[in-house]
Every structure is written in structure tokens, then in C-alpha cells.
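Here is a short report on the open and closed spaces of a protein model, and on the ligand that goes with it. Keep the structure in view as you read.

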Amino acid sequence: MVRMRRLRMKETVRNMVRETTLRKEELVYPIFVAEGEQIKNPVDSMPGIFQWSIDRIDEELERVRAAGVPAVLLFGIPKHKDEVGSEAYRDEGVTQQAIRHIKKTFPELLVIADVCLCEYTSHGHCGLVHEGEILNDETLELLAKASVSLAKAGADVIAPSDMMDGRVEYIRKALDEAGFINTLIMAYSAKFASGYYSPFRDAAHSTPAFGDRRTYQMDPANGREAIRECENDIAEGADIIMIKPALAYLDVVKAASLATNYPIAVYNVSGEYSMVKAAAQNGWIDERRIVLENLTAMKRAGAKIIITYHALDVAGWLSQEE
Ligand code: PBG
Ligand code: ZN
């Protein structure tokens, strides 16, 4: 008889045949940076997550360092928003200042800068708006300006999350022309128009004032189209492609990992985090077990890099297991 259970009898053998493992070297921790002073605002829908002003952010960065998480993904929350998202590409903008601060105080951290307009526009859309339409080509120029400004501030990785067509090519060209030939691009390639982003929109104040994002973010029903998005971004010069959200889209992660040899990142988004946290706080699930199981599933599907609000906890749990 074929006895599958032989491989499961002893922990030594189970450890030996385990196909997928988590490494803290592959984790990215998102941080919200708010313009202003003395800010440590809890995000109600995301227990354990805060908005930080730069004068207090070292407290959070010390935790990142202590956990051994190597990378942060920054989201800026400006005081001033306008129609064209000016603060996104101002050299003295809150995100640019945060990057300069981190590079000075925590030089070993890999700094990834999210590039989008929605946190900076008064209408909350990811691109310029004209008569209710989100403009594509006119937006590219601003995304490129933001990218160069963030690279100049010291960002190691530029992560465009706007879902405009042609942006990776446009940003790559602008970075190269400005001399940032080694600045990486991690493209939010297959980003779906998802209900799982709502806690993030509370945290980043980026809910669209009218309509929704369905004319630029992907239809959750489309898996084949997601692969075209990944292929396009690779052709345009992306170094790393990203699938977002993670859990409901692991089939897309798997398909992308079979379709390309480029590194794949997944974004374990705010709503995924909040659901786990809420259930854990109620005592309905074992948080550690569920989080490790979820993240392992992402890697099993083919993800290399995991962006997650659980990163510091996970790194701590992994260290305990060592
Ligand atoms: C902005 C952006 C969003 C997220 C990352 N970048 C929100 C959105 O598109 O509405 C979502 C992250 C999360 O939910 O954790 N373009
Ligand atoms: Zn956006």
C-alpha cells in the first residue's frame, strides 16, 4: 500500500519534506506617514496599526529593526490635497521627508515608496479627473514626477499602484533620464477593484469622492487578463510584479508564477488583516496559526515577497521557531 502517512509520522521527517517556508527576509511592512507633529493615531479598523508623524516614527522603525524585517512600504498622508495631487511630487512632501529621515536614521532599511495620486487628490482618485473621467496619459507625467522626486529623496524601490496604462515604461524612462538607473520598480501589476481595501482608505484618507475605481483597477472576475497585466509590466521594465489582494487571488499568483520567472510580490491587504484581527480579538481563531497558514499559502502559490501588516508579528514568531 502507498502510505502517505509515513512521511508525517516524525517531526524530523515532516520538517525535512516541507515544501514551503516563510522567511522574514521576504517580508515588507507598510507604514502610514502623516504630515504634522506628535501624531500616533490608531487606525480603528486595523488594530495595531497607526498613522505616524515623522517626529514620532522612530518608535515604529525601532520595532521594525528589532523584528528583523528588512523593508518598509511608505504611504504619505498630506495635510493639503488638491485636484492635481501636488503634494505627491513636491520634493518637500511628507513622503519625501519621511524617506530622507529613514535613510539617515535607519540606513539599512529598504525603503519602498508607493506611487499614486489618490492620497494626495481632493477627489481621491488615482489619476487626474476631467468631466468625471479618470485621465490616463495626462496622469503619467505626474506619476513620473512623483517617482523621480521619491527616488531623489532616497527611495530604493518605486511601487506604482495607480493602474494607469503605460506607467511602468513612463516611470522607468523618467528614472533613467534622471540618473536613477538602479532604482527598482515593483509594479502593482494585477491590482483588483476590491472590497478588501476599505480599512486602508480609512487609514490613508483616500476614498474616492465620487464613483469607484473600476475604470482602472481590475475586475475581480478576470484571471487571464491579470496575466496580461503582468506581462505588460514586465515588457515595460518592471523588476518585480505584484498581485493584490492576496488571499482571494492565489489562483492568479499561481498562474503568474507559471507564466513568468520574474519575482512576484503579493499584498496581503488591509481588509484581509482586519478580518483576521477581528476574529482573533473575539477569540474565534488562533491568530498566529491563521496568519502563518495564510502567508504560507501565498508562498505555496508562488509569491516570493509578502507585503503584510502582520510582518512584525510574523518575524517575531519565526524567530521563536528558530
Ligand atoms: C492606493 C492604494 C490602495 C492600497 C494600496 N495603495 C488603496 C486603493 O487602491 O484604494 C490598498 C492597500 C490595502 O488595502 O492594504 N492606490
Ligand atoms: Zn491610488
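How far does a polar side-chain atom of Tyr309 lie from an oxygen atom of ligand 1? The distance is 2.6 Å. The protein buries 100% of the 400 Å² that ligand 1 exposes when taken alone. Keep in mind that this is a predicted model.

## Around the ligand

Ligand 1 has 19 residues around it. Lys191, Arg201, Lys244, Ser270 and Tyr309 come nearest. By class, this shell holds 10 nonpolar, 3 polar and 6 charged residues.

Two arginines also bring polar side-chain atoms to ligand 1. For Arg201, such an atom lies 2.6 Å from a ligand oxygen. For Arg213, an N or O atom of the side chain is 3.0 Å from an oxygen atom of ligand 1.

## The largest cavity

Where does ligand 1 sit? Its place is the largest cavity. The volume of this cavity is about 150 Å³. Its lining counts 20 residues, and Lys191, Tyr197, Phe200, Arg201 and Lys244 lie nearest the centre. Strand S9 (184-191) and helix H6 (198-204) are the elements that give two or more residues to this lining.

The lining of the largest cavity splits into 10 nonpolar, 4 polar and 6 charged residues.

## The second largest cavity

The whole structure has 2 cavities of 30 Å³ or more. The second largest has a volume of about 40 Å³. Ala88, Asp114, Val115, Cys116, Tyr120, Ala146 and Leu150 line it. Strand S5 (110-115) and helix H4 (137-153) each give two or more residues to that lining. By class, the lining has 6 nonpolar residues, no polar ones and 1 charged.

## The pockets

Now turn to the open spaces. The largest pocket holds about 500 Å³ of space. Its lining has 15 residues, with Arg18, Thr20, Leu22, Thr296 and Glu321 nearest the centre. Helix H10 (287-301) and helix H11 (311-321) are the elements that give two or more residues to it. Which of the elements gives the most? H10 does, with 6 residues. This lining has 8 charged residues, along with 4 nonpolar and 3 polar ones.

The second largest pocket holds about 240 Å³. Met4, Leu7, Arg8, Arg14, Val17, Arg18 and Glu19 line it. They divide into 3 nonpolar, no polar and 4 charged residues. Arg18 appears in the linings of both pockets.

Note on methods. Residues are numbered from 1 along each chain as its sequence is written. Chains are lettered from A and ligands numbered from 1 in the order in which they are written. This is a predicted model: local features need pLDDT of at least 70, side-chain atom pairs count only at pLDDT 80 or more; totals for chains, interfaces and linings use all residues. Side-chain values use heavy atoms; hydrogens and water are left out. A residue is near a molecule or strand if one of its heavy atoms lies within 4 Å of it. A polar contact is a pair of N or O atoms within 3.5 Å; within protein, one must be able to donate a hydrogen and the other to accept it, and residues adjacent in sequence count only if both atoms are side-chain atoms. Accessible areas come from the Shrake-Rupley method with a 1.4 Å probe; for residues, only the protein chains shown count as cover. On a 1 Å grid over the protein atoms alone, a cavity is a set of points where a 1.4 Å probe fits but cannot get out, and a pocket is an open set with protein on both sides within 12 Å along at least five of seven lines; lining residues have an atom within 4 Å of a point. A molecule sits in a cavity or pocket if more than half of its atoms lie within 2 Å of its grid points. Ala, Val, Leu, Ile, Met, Phe, Trp, Tyr, Cys and Pro count as nonpolar, Asp, Glu, Lys and Arg as charged, and the others, Gly among them, as polar. Grid points are joined across faces, edges and corners, and a volume is the space filled by probe spheres set on the points. Helices (H or I, at least four residues) and strands (E, at least two) are DSSP runs, numbered from the N terminus.
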